Amino acid sequence: MNLLITGCCGHIGSYLAEHVHKIKKIKKTFIVDNLESNRFYSIFDTKKKNNLNFLIKDLNDPKSLDSLKNIDYVIHLASMTNAEKSFGKKDKMYKNNIQCLRTIINFCKKRKAKLIHISSTSVYGKQTKIVDENCEEKYLKPQSPYADIKLIEEKMLKKETKFLTYNTFRFGTISGVSKGIRFHTAVNKFCFNAAINEDINVYKTALNQYRPYLSLKDAFKVFKFSIENDFFKNDIFNALSGNFTVKQILKKIKKYKKKIKVKFVTSAIMNQLSYHVSQKKLNNEGLVLKSNIEKDIKETIELLKNI
Ligand SMILES: NC(=O)c1ccc[n+]([C@@H]2O[C@H](COP(=O)([O-])OP(=O)(O)OC[C@H]3O[C@@H](n4cnc5c(N)ncnc54)[C@H](O)[C@@H]3O)[C@@H](O)[C@H]2O)c1
């Protein structure tokens with residue numbers, strides 16, 4: 001079976017490409033990226049056993065994937081992803097991310113490929129104890145253009161449900177090290193600042209707010225499980241390793257970097273909301289995610305130990 005990974009130079013895509021040999025069903029993997037993020041190094045020193053074929057493709061072009069045939073599965077990760085910066089780049093992000101998904105939907109329909117689509121737990125946004133996939137619309141309150149676009153993407157797929165085989169996974173904020181690691185999300189950014197003795201900027205309201213996090217190791221488990229079990233239900237599933245407060249994350253960082261400096265700041269993305277995201281739906285399908293975020297934190301800080 002052949003796999004196509006879009007956005008392969010990114011944080012998640014580069015991890016997936018490096019470990020894809022562990023998905024036994026997959027014999028050949030095509031990896032594509034437009035290199036907009038300039039992360040060429042993500043494809044350096046790849047292992048032969050992954051049998052990767054890299055193509056520079058911009059999915060803004062609806063015909064960009066026309067030459068690819070015999071693809072059984074698509075893991076779609078190509079996206080503009082900086083939620084905090086999305087306030088100033090709404091139009092560009094909207095255009096890019098929606099068009100990327102359109103290209104992918106048309107490709108999957110034409111080639112009869114099964115699709116894994118990644119959304120985000122940032123689509124939730126109402127103050128409540130616990131949110132799950134079946135929550136009422138009023139609990140879906142994206143707090144940034146980035147999250148807004150994710151909801152639109154989910155709806156685009158729902159509309160295609162008769163013509164497409166897919167799953168959407170709402171990923172928690174990713175932790176962990178990959179070749180294409182980026183540092184603009186909570187855990188990684190905090191680790192980076194701690195490692196170089198910089199202030200850790202924490203949103204004033206966020207210290208005791210619960211948010212969902214997902215280890216890269218668990219993200220990979222989601223992909224492996226889906227392909228090996230042919231798990232495609234045209235449905236939405238939360239994917240997270242756990243819910244934690246910023247205070248709990250900082251405590252984990254302190255285990256590996258004794259002295260840290262915390263500075264409270266304001267941000268457009270900041271809000272008063274605290275919520276737990278439920279893992280039940282995926283658990284009931286037989287996939288339990290519980291990788292240790294603390295291990296990811298240790299590995300991230302170690303990247304910079306000699307600085
Ligand atoms: N990292 C997280 O914390 C997180 C959490 C939840 C959901 N997600 C979602 O998972 C997916 C992957 O995230 P990531 O962290 O790996 O992102 P990333 O920003 O690290 O990587 C995205 C990659 O997509 C590529 N890309 C963007 N536009 C493209 C286009 N038009 N054509 C081809 N390639 C294009 C970029 O060059 C980049 O290499 C995204 O959909 C993201 O929203 C990520």
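Leaving aside its neighbours within four places in sequence, which residues is Phe223 in contact with? In this predicted model, the partners of Phe223 are Ile12, Leu16, Ile23, Ile75, Leu77, Ile116, Ile118 and Phe171, once neighbours within four places in sequence are set aside.

## Nonpolar cores

Phe223 belongs to the largest nonpolar core, which has 36 residues. Together with Phe169 and Phe171, Phe223 ranks among the residues with the most contacts inside this core. At least two core residues come from each of the following elements: strand 1 (2-6), helix 1 (11-19), strand 4 (73-76), strand 5 (114-120), strand 7 (166-171), helix 5 (216-228) and strand 11 (235-239). Helix 5 gives the largest share, 7 residues. A second core, separate from this one, has 28 residues, including Leu65, Ala78, Met156 and Tyr166. As a general background, nonpolar side chains in soluble globular proteins tend to be buried together.

Not every nonpolar side chain is placed in this way. Phe40, Tyr41 and Phe44 make a nonpolar surface patch of about 320 Å². Tyr41 sits in the loop between strand 2 (28-33) and strand 3 (52-56). Its relative accessible area is 41%, so Tyr41 is partly exposed.

## Salt bridges

How many salt bridges does the count come to? The count comes to 15 salt bridges. Three of the pairs are listed here with the N to O distance and the relative accessible area of each partner.

| Pair | N to O distance | Relative accessible area |
|---|---|---|
| Lys109 and Glu160 | 2.8 Å | Lys109 29%, Glu160 18% |
| Lys114 and Asp230 | 2.9 Å | Lys114 25%, Asp230 36% |
| Glu228 and Lys224 | 3.2 Å | Glu228 33%, Lys224 26% |

The salt bridge between Lys109 and Glu160 links distant parts of the chain, 51 residues apart. Lys109 is in helix 2 (residues 90-111), and Glu160 is in the loop between helix 3 (145-159) and strand 7. Lys109 is partly exposed at 29%. Glu160 has a relative accessible area of 18%, and buried means under 20%, so Glu160 counts as buried.

The side chains of Lys114 and Asp230 also form a salt bridge. Because Lys114 lies in strand 5 and Asp230 in the loop between helix 5 and strand 11, this pair ties together parts that are 116 residues apart in sequence. Lys114 is partly exposed, and Asp230 is partly exposed too.

The pair Glu228 and Lys224 lies within helix 5, with the two residues 4 apart, about one turn of the helix. Glu228 is partly exposed, as is Lys224. Elsewhere, a network of salt bridges links Lys217, Asp296 and Glu299.

## Loop residues

Is Cys9, in the loop between strand 1 and helix 1, buried or exposed? Cys9 is buried, because its relative accessible area is 0%. Beyond neighbours within four places in sequence, Cys9 is in contact with Ser14, Asp33, Leu35, Arg39, Ser42, Ile43, Phe54 and Gly180. The C-alpha atoms of Cys9 and Lys179 are 8.2 Å apart, although the two residues are 170 apart in sequence.

Arg182 lies in the loop between strand 8 (173-175) and helix 4 (186-195). Its relative accessibility is 18%, so Arg182 counts as buried. The side chains of Arg182 and His184 are joined by a polar contact of 2.7 Å. With neighbours within four places in sequence left aside, Arg182 is in contact with His11, Arg39, Thr81 and Asn188. Arg39 is thus listed among the contacts of Cys9 and among those of Arg182.

Thr266 is located in the loop between strand 13 (261-265) and strand 14 (276-277). Why does Thr266 count as exposed? Its relative accessibility is 57%, and exposed means over 50%, so Thr266 counts as exposed. Thr266 and Lys204 are 62 residues apart along the chain, with a separation of 6.0 Å between their C-alpha atoms.

Conventions. Residues are numbered from 1 along each chain as its sequence is written. This is a predicted model: local features need pLDDT of at least 70, side-chain atom pairs count only at pLDDT 80 or more; totals for chains, interfaces and linings use all residues. Side-chain values use heavy atoms; hydrogens and water are left out. A nonpolar core is a set of buried Ala, Val, Leu, Ile, Met, Phe, Trp, Tyr and Cys residues joined through side-chain atoms within 4.5 Å. Buried means under 20% relative accessible area, exposed over 50%, partly exposed in between (1.4 Å probe, protein chains only). Contact means heavy atoms within 4.5 Å. Patches are made of residues with over 30% relative accessible area and no salt bridge: like charges are joined within 9 Å, nonpolar side chains (Val, Leu, Ile, Met, Phe, Trp, Tyr) within 5 Å. Accessible areas come from the Shrake-Rupley method with a 1.4 Å probe; for residues, only the protein chains shown count as cover. A salt bridge is a side-chain nitrogen of Lys or Arg within 4 Å of a carboxyl oxygen of Asp or Glu. A polar contact is a pair of N or O atoms within 3.5 Å; within protein, one must be able to donate a hydrogen and the other to accept it, and residues adjacent in sequence count only if both atoms are side-chain atoms.
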